[in-house]
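Visitor: I would like a close look at a single part of this protein. Please pick one strand and walk me through its surroundings.

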Amino acid sequence: MSDILQPQPYVSPWMDDADVTDLRTLARTFFEREVTPNLERFAEQHQVDKETWLAAGAAGLLCISIPEEYGGGGGSFAHEAAVLWEQGRAGDDAFGYSVHSSIVAHYLLAYGSEEQKQRWLPRMATGELVGAVAMTEPGTGSDLQNIRTTATREGDHYVVNGSKTFITNSSHAGLVVIVARTGGEGAQGISLIVAEVEGLEGFERGRVLSKIGQHGQDTRELAFTDMRVPTENLLGTQEGQGFYQLMMQLPQERLVIAVGAVASAELAYELALDYTKERTAFGKPIGAFQNTRFTLAEVGTDVLAARTFLDHCVGLHLDSRLDAATASRVKYWTTDVQCDVVDRCLQLFGGYGYMMEYPIARLYAGARVQKIYGGTNEIMKELISRTL
């Protein structure tokens, strides 16, 4: 009987690296010290502190996969994923790290001129300059080809008019990548314009949006009224490349969501495992009941399956082989798994699972949007179906 194999802890291949391991330890320490003790306060004020960004920059966590010549950490997506993983494992959904570091910084790296990279990326790496991307509009949702915000060229400036909604990092953002129409209808008329918005006339931060979860995140509406941005702030060599640029970056953005989804699901599973060992009912731990054991067996298997799928996709991305359809698969499937796992784990907490003071309740509330942003899961299936 001693020869029967016992389950061993699973290690993701992309984590099996000394440098990535050290970074995970650093990120874990950062979230334990700077974020977790403040989550309740962040939720009440609907934003993290400015000092949180500066602390992350001082720790070397921001722009971790941006080359060192631009102030970044010089790492790969494995390093980016390591920070995201530890954020998910910390149960944090307040700090808008992914938008700033994994998305906005990479728009600048991929399409910015040398002067633009030198001007913006080093300050983003220190946390002095916080990034946001203004994509979604009240009437467009996932339909980016119907963007209505305009950027009209007047001399050496664009005059930007329009509004955006559901914008993460809106309170602290000093640099906003705006998806705007510089040409005619359809995808060919879309460009990406970068605005340094601090004190910029015509720029207005709207109300903080009241959400069912992610209460510590500064999600707002943004409005642009005759806002003048220098034409040199266009991303790319010519107008009309914006839609193509968005499409090229979306696989990484969707993979980023998947990393958070699996980390959060794994945390929910472990919280439920611990709780069901301690909580007693009818004279014995609730983990001793068959229904509890079956639930834990099922969600634990779901989490492991999701993690191995995620690891496959991270491996593809590290080899520059992650295609749009596979990124859509991992986004929709892992976020579906996340919501299902968190819901089933919450059920094991009974009434306490409904109390926001319990981390499982915050995981439940924060998980729902994962199936919506980054392109809804229905859009993901539509994109996949086009490749069948």
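Guide: What follows starts at one strand and works outward. The model is predicted.

Take strand 1, residues 130–134. Is this strand buried or exposed? Buried: 5 of its 5 residues fall under 20% relative accessible area. The strand is therefore largely enclosed by the rest of the structure. Look at the two faces in turn. Val 130, Ala 132 and Ala 134 lie on one side, and they are buried. Gly 131 and Val 133 lie on the other, and they are buried as well. Both faces are thus covered.

Now the pairing. Strand 1 is joined to strand 4, residues 173–181, by 5 bridges. The two strands run parallel. For a landmark, find Gly 131 and look across to Leu 175 in strand 4, which stands opposite.

Next, a helix in contact with this strand. Helix 3 covers residues 50–58. Its buried residues are Thr 52, Trp 53, Ala 55, Ala 56 and Gly 57. Strand 1 is part of what covers them. Helices also contribute to that cover, including helix 1 (18–35), helix 2 (39–45), helix 5 (97–111) and helix 6 (114–126). After helix 3 comes Gly 60, with a positive phi near 80°.

How does this fit the annotated domains? An unreviewed UniProt entry lists "Acyl-CoA dehydrogenase/oxidase N-terminal" at residues 21–128. Over that stretch the chain is 67% helix and 0% strand. The C-alpha atoms at its ends are 27 Å apart. The same kind of record, also unreviewed, places "Acyl-CoA dehydrogenase/oxidase C-terminal" at residues 240–387. There the chain is 74% helix and 3% strand, with its end C-alpha atoms 26 Å apart.

Last, the charged pairs. The whole structure holds 20 salt bridges. One of them joins Glu 34 to Arg 33, with the closest N and O atoms 3.1 Å apart. Glu 34 counts as partly exposed, because its relative accessibility is 24%. Another joins Arg 205 to Glu 198, at 3.5 Å between the closest N and O atoms. Arg 205 is partly exposed at 24% relative accessibility, whereas Glu 198 is exposed at 61%. Asp 319 and Arg 321 also meet in a salt bridge, 3.6 Å from N to O. Asp 319 is partly exposed at 49%, and Arg 321 is exposed at 53%. Finally, salt bridges link Arg 89, Glu 266, Glu 270 and Arg 307 in a network.

How values were computed
Residues numbered from 1 in each chain as written. Predicted model: local features only at pLDDT ≥ 70, side-chain atom pairs only at ≥ 80, totals over all residues. Heavy atoms only, no water. UniProt positions renumbered as here; feature names shortened; annotations may be inferred. Helix = DSSP H or I, 4+ residues; strand = E, 2+ residues; numbered from the N terminus. Buried < 20%, exposed > 50% of the residue type's maximum accessible area, 1.4 Å probe, protein only. Pairing = 2+ DSSP bridges. Contact = heavy atoms within 4.5 Å. Salt bridge = Lys/Arg side-chain N within 4 Å of Asp/Glu carboxyl O.
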